[in-house]
Amino acid sequence: MDDAIKSLHALCVGGETSIKETVNLDQDLTSDGHVVAGDKIIPMSDTKVEEVNHCNLNFDPQNGSSWVDVFVHEMMNASDWNDVRSRATQMLEAFEKSVITNSVSSYEQQVTSLKEQLQSLLRDNQILKKAVAIQHERSLEQDEKLKEMQHLKHVLSKYHEQVQTLERNNYTLRIHLQRAQESSSIPGRFHPDVF
């Protein structure tokens with residue numbers, strides 16, 4: 001940008017010698033008096049507006065300094081203020097188109113990248129959904145097993161109580177039988193169904 005400002009200042013203040021000095025500082029003027037514009041070399045004295053415009057319309061700078069160089073060349077080749085305005089307008093329009101093209105390209109790349117990320121996230125989401133469903137099934141199975149185990153513990157405790165009750169009843173019956181045998185009038189003689 002500084003080079004462009006210096007070149008524009010040279011156009012406004014100085015004459016042809018200051019323009020040539022500015023070009024020499026930028027090393028865009030060949031030793032035989034030709035201007036380097038893009039990929040083409042154009043004689044400075046024979047430069048026609050149409051030739052420069054045609055040359056620069058096909059030139060597509062890739063960075064800011066290239067745009068400055070093209071802008072400076074266009075301004076140097078202008079023959080009067082109307083030509084300066086028309087060249088500046090054309091350069092600004094070309095710059096705007098380039099910026100829009102680059103922005104659209106960058107935007108399309110971002111959209112493509114975001115679509116790929118979205119697809120990846122959707123795949124990951126599907127995998128996680130399957131994992132959650134499997135985990136839920138396992139959890140349900142575990143709950144069923146816990147319920148069954150609780151039921152079996154309850155049944156076991158009931159059977160344990162029944163066994164204890166039966167043991168108490170058996171003990172009570174033994175005591176009664178023993179007392180009955182002791183109080184029996186016939187010693188050593190027992191009913192065969194008792195044993």
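The following questions and answers concern a predicted model of one protein chain.

Visitor: Which order of helices and strands does the chain follow along the sequence?
Guide: The chain of this predicted model has five helices and two strands. When the chain is read along its sequence, these elements give the pattern α-α-β-β-α-α-α.

Visitor: Which element of the chain has the highest mean pLDDT?
Guide: The mean pLDDT of the whole chain is 75, and 63% of its residues reach 70 or more. Among the elements, helix α3 (residues 49-58) has the lowest mean, 39. The highest mean, 92, belongs to α5.

Visitor: Over which residues does pLDDT stay under 50?
Guide: Where pLDDT is low, the predicted coordinates should not be read in detail. The model does have 65 contacts beyond four places in sequence for the stretch in question. The stretch with pLDDT under 50 covers residues 14-58.

Visitor: How is the aromatic pair of Trp67 and Phe95 classed?
Guide: A pair of aromatic rings is described by the distance of the centres and the angle of the planes. The structure holds one such pair, in which the centres of Trp67 and Phe95 are 5.3 Å apart. Planes over 60 degrees apart count as edge-to-face. The angle here is 85°, so the pair of Trp67 and Phe95 is edge-to-face.

Visitor: How many residues apart in sequence are the parts that this pair ties together?
Guide: Trp67 lies in helix α4 (residues 64-76), whereas Phe95 lies in helix α5 (residues 81-182). The pair therefore ties together parts of the chain whose separation in sequence is 28 residues.

Visitor: Is Trp67 buried or exposed?
Guide: A residue counts as buried when its relative accessible area is under 20%. Phe95, the partner of Trp67 in the pair, has 38% and is partly exposed. Trp67 has a relative accessibility of 11%, so this residue is buried.

Visitor: How far apart in space are Ala94 and Trp67, C-alpha to C-alpha?
Guide: Ala94 has its place in helix α5 and is partly exposed, at 25% relative accessibility. In sequence, Ala94 and Trp67 are 27 residues apart. In space, C-alpha to C-alpha, their separation is 9.8 Å.

Visitor: What share of the exposed area of the chain do carbon and sulfur atoms supply?
Guide: Buried residues make up 19% of the 195 residues in the chain. The chain exposes about 15500 Å². Of this area, the share supplied by carbon and sulfur atoms is 55%.

Definitions and conventions. Residues are numbered from 1 along each chain as its sequence is written. This is a predicted model: local features need pLDDT of at least 70, side-chain atom pairs count only at pLDDT 80 or more; totals for chains, interfaces and linings use all residues. Side-chain values use heavy atoms; hydrogens and water are left out. Rings of Phe, Tyr and Trp (its six-membered ring) pair if their centres lie within 6.5 Å; planes under 30 degrees apart count as stacked, over 60 as edge-to-face and the rest as tilted. Helices (H or I, at least four residues) and strands (E, at least two) are DSSP runs, numbered from the N terminus. Buried means under 20% relative accessible area, exposed over 50%, partly exposed in between (1.4 Å probe, protein chains only). Accessible areas come from the Shrake-Rupley method with a 1.4 Å probe; for residues, only the protein chains shown count as cover. pLDDT is the predictor's confidence in each residue, from 0 to 100. Contact means heavy atoms within 4.5 Å.
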